[in-house]
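Hi there,

Here is the structure I promised to pass on to you. Have a look at it first, and then read on for what I found.

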Amino acid sequence: MACPHLETIGLTPPTPFQSVYREDCTQCFDSIDDPSGLDVCLQCFNGGCAGDRLHNKLHHVLQGHPLALNIRRTRKVVVRDEPPAKMSKLAIAAETEEDRYDTALAVKCLDCNTELDKTSPKLAPIVDSIMKANTFSRKEEVKAWEQELTSCEHILLLQQHASKKIEQGALGHCFACDLKENLWLCLECGNLGCGRQQMGGVDGNSHALGHAQASGHGVAVKLGSITPEGTADVYCYRCDDERIDDNLGEHLAHWGIVLAERQKTEKSLTEMQIEQNLKWDFSMTTEDGKELKPLFGAGLTGLKNLGNSCYLASILQCLFDMPSFQERYFRPGDDLPLVQDPAEDLETQLRKIADGLWSGRYSKPDLDVIGESGINHQKGLAPAMLKHLIGRGHEEFSTMRQQDAFELLQHLLKLITRSQHPGNLGDPTQQFRFVLEQRLQCLGCNRVRYSTNEQDSIFIDVPLEKISADDGTEASPAAYKAVTLKQCLDNFTASEMVELTCTACGSKDGFTKRSLFKTFPDTLVVNARKMTVVNWVPIKVDVPVIVPDEAFILDEYLSQGLQPSEEQLPEEPETEAPAFVPDATALAQLEAMGFPRNRCERALHATGNSDANAAMEWLFGHMEDPEIDDPLDLGAESTAGSTSVDPEKIQMLGAMGFEAPQAKKALKETSGDVERAIEWLFSHPNDPGLDEDTPSNPAPPKGPAGSSTLPANFQLSSIVCHKGTSIHAGHYVAFIRKLLDQTPTWVLFNDEKVVEAHDIEEMSKFAYVYFFKRVQI
């Protein structure tokens, strides 16, 4: 029987800008590798599993889309009757998906419960387009090792000194030392200096940086990275970032350097970062060389590295190990959220992650993932949809570069806090909140002032003391003395001097300042900062922090509050917020480019008032705004209720959990800038927003932040560890204390590999973020 839906529904191939979800389901991690395969909607290209969970039929019922392409993939069985052919050339042909898998395709109508002819003139081009289109995860992987580089005003407005030819001999070494590699040519004056010391042992004394700081010249090119095609490492010291010079050939020719005659002799900065990220890894063997035992089961599921995404995987593993996150998002008996686009819904994607990690459905050995000793590990789940969603609109997390795991944790907690928690589903981030109390005391009159701040984490600065050689042997330059957690907490809560003038007695002697806990959280998050500066470059160093494995008490860090013998300082009168004052340097740069002052002020206000390059890009995107030439009126901007707001931006913020009235007001307050609107929302959590149709209800009051009940006993429950000299490079893993066979056991989550951990010393040395759980003894 012919399907009536095929004749009546108009089908169009996916455009390059549409996401095609043809690898895994948008609501769970069932995929094309499962026996029933995946159904891809022929109308919107959503992916729905066709197995026992029937998310394909849920999509059909909700959206009224009956036609789907079923994709099933099975691993080919390779039978070798003879040895493989001898390799005869220095080239390795990459194994393609067609070499490894057989793929079965079938088009069906879920309404008619019938299979359709996929070779028909109407279906064949659609099927072909879906299979050739970049999948959602592939679109992310294309950017995996790329850095989104742009030009800047210092390159666009570059004024080079008088032209001359730099002799080849003068290009041989740094002007201030004998280094002959890692050399950077100042494009403004032709000075040649060595760069900063690079990852992977590339030497450097930062003489090029010193020249830039002394002369004010900003733009330099790395000589060894120049190719005949015109690509090279270009760095702007004034922006302190990598850049692109579209006129590099012309700028080099000014100094007598011809692109066609250059040969690339050194690795680029991106290549070194990739190589270093791949090298940084954690030991997967025991002390006697045996490979660590892989673990499988519920709560023991790995997450695949999407390319520089280990920072995300390690944080997710630690968060979803906590009971509050499991209770909130792992709800196998509940219906899924009824949303139009599951891949763009934060609630759905967090529920998907929880199900993937805790159902045990996906934690099983995979024949394709084999360790060094032939042990099979699991395939791992690819959190591509969640990564895209939480990174959207964020300057850093929307890229595929390595990021700071602690900054990601803070960003994710903000998103979850602001998302909806209906019915009896509580906010899982509440367990992190506590109140820190600050005490100021004037050294002149001894009066005090107490202030409080609600937080979800603390920073501790780890004392750095190198190990000296006292036995005649040379100590390792990278070796630092171990410190205890108590030393770090003592430093964090110690009194310090601050230079302030007392408003009560007029004394200029200053104040003592001390911070203590007013309440303790259920889970204390601690970020350990282990930074030093080498050649003007911040470098992360590895300092072992000794943390007790058993529970420890924090009662001594609880504030006692205002004492009867203390006299409080009088409250200071509130002052009006100062009017917007544009940054003078950035304003001058924009006006030098020919932009009118009113436009410059608007652009600087919209982009944070610091970066002329960002303001210039904003101007190019808002040249047609009707009020672009009007004087900046902050009062009118903040109270205007009739200004239109882009519905797509409201929808984007809505997918992150913000209500439409709040999203509208945030976008109006920030001139439509999504990233700044998110920050505005986080800093105005109780603002009801704007709603022209119906009055909005005020946000429900938040629960108490922490508890002052004693004793306050805490025990280490999980750690995010990092290897590398920069938190924006290297490799992140998670160590989590699990109860295996009724025995507390440390488990290492290294992307998709989940193994029983043994090297506790490595944990303490590379620990970056600690999670301490409050326990009863």
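Let's begin with strand β1 (residues 38-41), where Leu-38 and Val-40 point one way while Asp-39 and Cys-41 point the other way, and all are buried. Please keep in mind that this is a predicted model. As background, side chains in a regular strand alternate between the two faces of the sheet.

Which strands does β1 pair with? One partner is strand β2 (residues 47-49), joined to β1 in the antiparallel sense over 3 bridges. Within that pairing, Val-40 has Gly-47 in β2 as its bridge partner. The hairpin of β1 and β2 has 5 residues between the strands, and Phe-45 takes a positive phi near 70° there. Strand β3 (residues 67-75) also pairs with β1, again in the antiparallel sense, over 4 bridges. Here Asp-39 finds its bridge partner in β3, namely Asn-70.

Further along the chain you will find an open sheet of 4 strands, in the order β14-β13-β18-β17, with antiparallel pairing. Why is one side of β14 and of β17 left without a neighbour in the sheet? Both β14 (448-455) and β17 (496-498) stand at the edges and each has a single partner strand, so one side stays free of a neighbour. On average, neighbouring strands of this sheet are turned by 30° against each other, direction ignored. Inside the sheet, strand β13 (residues 434-442) and strand β18 (residues 511-517) run antiparallel and are joined by 7 bridges. As an example to find on screen, Gln-438 stands opposite Ser-515 in β18.

Next, a pair of helices. Helix α17 (residues 597-606) packs against helix α18 (residues 612-621) at an angle of about 110°, and their axes are 8 Å apart. That angle makes α17 roughly perpendicular to α18. The crossing of α17 past α18 is right-handed. Where they meet, α17 brings Arg-599, Arg-602, Ala-603, Leu-604 and Ala-606, and α18 brings Ala-615, Trp-618 and Leu-619.

Finally, a single residue: Thr-301, in the loop between α9 (269-279) and α10 (310-319). Is Thr-301 buried or exposed? Its relative accessibility is 1%, and because buried means under 20%, Thr-301 counts as buried. A polar atom of the Thr-301 side chain lies 3.5 Å from the backbone oxygen of Gly-356. Leaving aside residues up to four places away in sequence, Thr-301 touches several others, among them Gln-317, Leu-357, Tyr-362, Phe-749 and Val-754.

Enjoy exploring!

Best wishes

Technical notes:
Residues numbered from 1 in each chain as written. Predicted model: local features only at pLDDT ≥ 70, side-chain atom pairs only at ≥ 80, totals over all residues. Heavy atoms only, no water. Helix = DSSP H or I, 4+ residues; strand = E, 2+ residues; numbered from the N terminus. Buried < 20%, exposed > 50% of the residue type's maximum accessible area, 1.4 Å probe, protein only. Polar contact = N/O pair within 3.5 Å; in protein donor to acceptor, adjacent residues only side chain to side chain. Contact = heavy atoms within 4.5 Å. Pairing = 2+ DSSP bridges. Axes fitted to C-alpha atoms, helices over the stretch in contact; angles between N-to-C directions. Parallel < 35°, antiparallel > 145°, perpendicular 65-115°, else oblique. Left-handed = near helix turned anticlockwise from the far one by under 90°.
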